[in-house]
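Welcome! Take a moment to turn the model around on your screen before reading on. The notes below are grouped by topic, so you can follow them one at a time.

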Amino acid sequence: MQKSTIQFLLINCFLAIVLVSCGSVTKNYTPKKLDKTTIEVPYFSDSKTDYVYKTNITVYGHEMSGIFIAKKINDTTHRVVFTTEFGNKLMDFEISENNFKVNSIVSELDRKILINTLEEDFRLLLKNKYLIQEQFENEENNIYKSSDGKRDNYLFFSKKDQKLEKVARSSKTKDKITITFTLENDIFAKKVVILHQNIKLKIELNYFKSE
Amino acid sequence: MKTKLYIFLFLLNIGNFSIFAQEQKMTAAEIAQFKEDVNIVAKKIKSLSTDFIQYKHLDFLSKDIETSGKMFFKEPALLSWQYKKPYNYSIIFKNGKILINDEGKKSAVDIGNSKIFGRINKLIVGSVSGNMFDDKEFIISYFKLKGQNLAKFIPKDATLKKYIKQIELTFDKEEATVVQVKLLESSDDYTRIVLKNKVINAKIDDSVFTN
């Protein structure tokens, strides 16, 4: 009897520790009454704009650079191309909420795990409409939660100027991907950083004006 | 109505005619003369510096992506390709190494005996000097333009062909030097590089080839 009580307590303590240490991603935020149910993100949504960025990718200590090009080609789909500075195309994708097509990829980069990772990253980067279920706040941000299958996307708006600064894609307990935006103006990001938390991958995009 | 149709057909005809006149196949004698002219000049080239403007054309973009800078070549195989606008990025081919300077961030890749990079190096030097009439490597066709000559190279090597469908070199007729390089990718997107202010055999400081 006594032994099983101790065991029970131990298990409970263990569970308590696990639950505390893996607390929900929202544990430091204060819930708030929902003030909107949809949010549109304008940063990559203009079909007339060629979104062209100089790109640096750091993956497990290795660096590579090139040019990231995105363009909205119809209501649902973006074309995404990555080239070297010389102009050779390294990959060419078409991506929408539900579809993903590889138009071309050089054999050196043709790895399922890489393509799947980029698919998730670019889909999140280019996503322009979110349905909101919950709202939170912390000191600097109003935070909106949008469920997306097994994951949740959190949109961080600065309280100061009401601009979307960050999108975090999370499991129940951890951020998996964060995208931070530095804005040129209300509808255009001059710098974007895509950072993975569970693998050592960082993608940095810096807009450049073609002359 | 009928007159309009005639005018239309007439214009169409002129259009066709001018396209035809723009690119006319060389005769065997003209090919021989052209190759000799280019080879004589290419043999004299011990060093070369030139400004360049690169236009990356992707069919789905509304505008070509324009970058520009300077290129230096020194015998036997020193090559420096420097982008100055809109960003600073340089790539140097030197003693079996590729040296990259990306906005001050330096890196080096040992290409050693890498066949593909050896080929690329030879290709770039060949493209700029014009001396790449190698029938073993390429299927070559020759055309006359107004004041210019045009040579089209289709790679025979399967690996190279995956990256470059065709290379087109445009030569100034008088000087027999390259004024434009066009690299066509498999999907008909291309990179067009215009060479300007070319200086042959001027002294080039070695610092140009250090990172």
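How many residues does the contact take from chain A and from chain B? Chain A contributes 23 residues and chain B contributes 21 residues. Please keep in mind that this is a predicted model.

**Where the chains touch**

- On the side of chain A that touches chain B, the elements giving two or more residues are β3 (51-59), β4 and β5 of chain A.
- The element that gives the most to this side of chain A is β4(A), with five residues.
- Sorted by character, the residues on the side of chain A that touches chain B are seven nonpolar, six polar and 10 charged.

**Chain A as a whole**

- You can find two helices and 15 strands in the secondary structure of chain A.
- Chain A has 211 residues, and 26% of them count as buried.
- If you take the contacts in chain A between residues at least 6 apart in sequence, 38% join residues at least 24 apart.

**The nonpolar cores**

- There are 36 residues in the largest nonpolar core, and I69(A) and L155(A) are those with the most contacts inside it.
- Try clicking on L155(A): setting aside neighbours within four places in sequence, this residue is in contact with I39(A), Y130(A), I143(A), Y144(A), S146(A), L164(A) and V167(A).
- A second core, separate from that one, has 32 residues, and F73(B), I164(B), L183(B) and L195(B) are among them.

**A closer look at helix α2 of chain A**

- Helix α2 of chain A covers residues 112-126, which is 15 residues. At 1.5 Å a residue the helix should span 21 Å, and its end C-alpha atoms are indeed 21 Å apart, so the two values agree.
- Which residues of α2(A) are buried? They are L118(A), F122(A), R123(A), L125(A) and L126(A).
- These buried residues cover an arc of only 160° around the axis, so they sit on the same side of α2(A).
- The face of α2(A) turned away from the buried side carries K112(A), I113(A) and N116(A), which are exposed.
- The cover over the buried residues of α2(A) includes five strands of chain A, namely β4 (62-72), β5 (78-83), β6 (89-95), β13 (175-185) and β14 (188-196).

**The sheet in chain B**

- In chain B, 12 strands make an open sheet with antiparallel pairing, and their order is β1-β8-β9-β10-β11-β12-β2-β3-β4-β5-β6-β7.
- Its edge strands are β1 (24-25) and β7 (105-110) of chain B, each of which pairs on one side only.
- Here is a general point to keep in mind as you look along a strand: in a regular strand, side chains alternate between the two faces of the sheet.

**Strand pairs to trace in chain B**

- Start with β1(B), which pairs with β8 (residues 138-145) of chain B in the antiparallel sense over two bridges. In this pair, K25(B) has F143(B) in β8(B) as its bridge partner.
- Next, β8(B) pairs with β9 (residues 148-155) of chain B, again antiparallel, over eight bridges. Here F138(B) stands opposite P155(B) in β9(B).
- What do β8(B) and β9(B) form together? They form a hairpin with two residues between them, and G147(B) in the turn has a positive phi of about 70°.
- Finally, look at β2 (residues 47-57) and β3 (residues 65-74) of chain B, which run antiparallel and are joined by 10 bridges. D51(B) is found opposite K70(B) in β3(B).

Terms used
Residues are numbered from 1 along each chain as its sequence is written. Chains are lettered from A and ligands numbered from 1 in the order in which they are written. This is a predicted model: local features need pLDDT of at least 70, side-chain atom pairs count only at pLDDT 80 or more; totals for chains, interfaces and linings use all residues. A nonpolar core is a set of buried Ala, Val, Leu, Ile, Met, Phe, Trp, Tyr and Cys residues joined through C-beta atoms within 7 Å. A residue is buried if 20 or more other C-beta atoms lie within 10 Å of its own, exposed if 12 or fewer, and partly exposed in between; C-beta atoms are placed from the backbone. Two residues are in contact if their C-beta atoms, placed from the backbone, lie within 7 Å. Helices (H or I, at least four residues) and strands (E, at least two) are DSSP runs, numbered from the N terminus. The expected span of a helix is 1.5 Å times one less than its number of residues. The arc is that of the directions from the helix axis to the C-beta atoms. Two strands pair if DSSP finds at least two bridges between them. Ala, Val, Leu, Ile, Met, Phe, Trp, Tyr, Cys and Pro count as nonpolar, Asp, Glu, Lys and Arg as charged, and the others, Gly among them, as polar.
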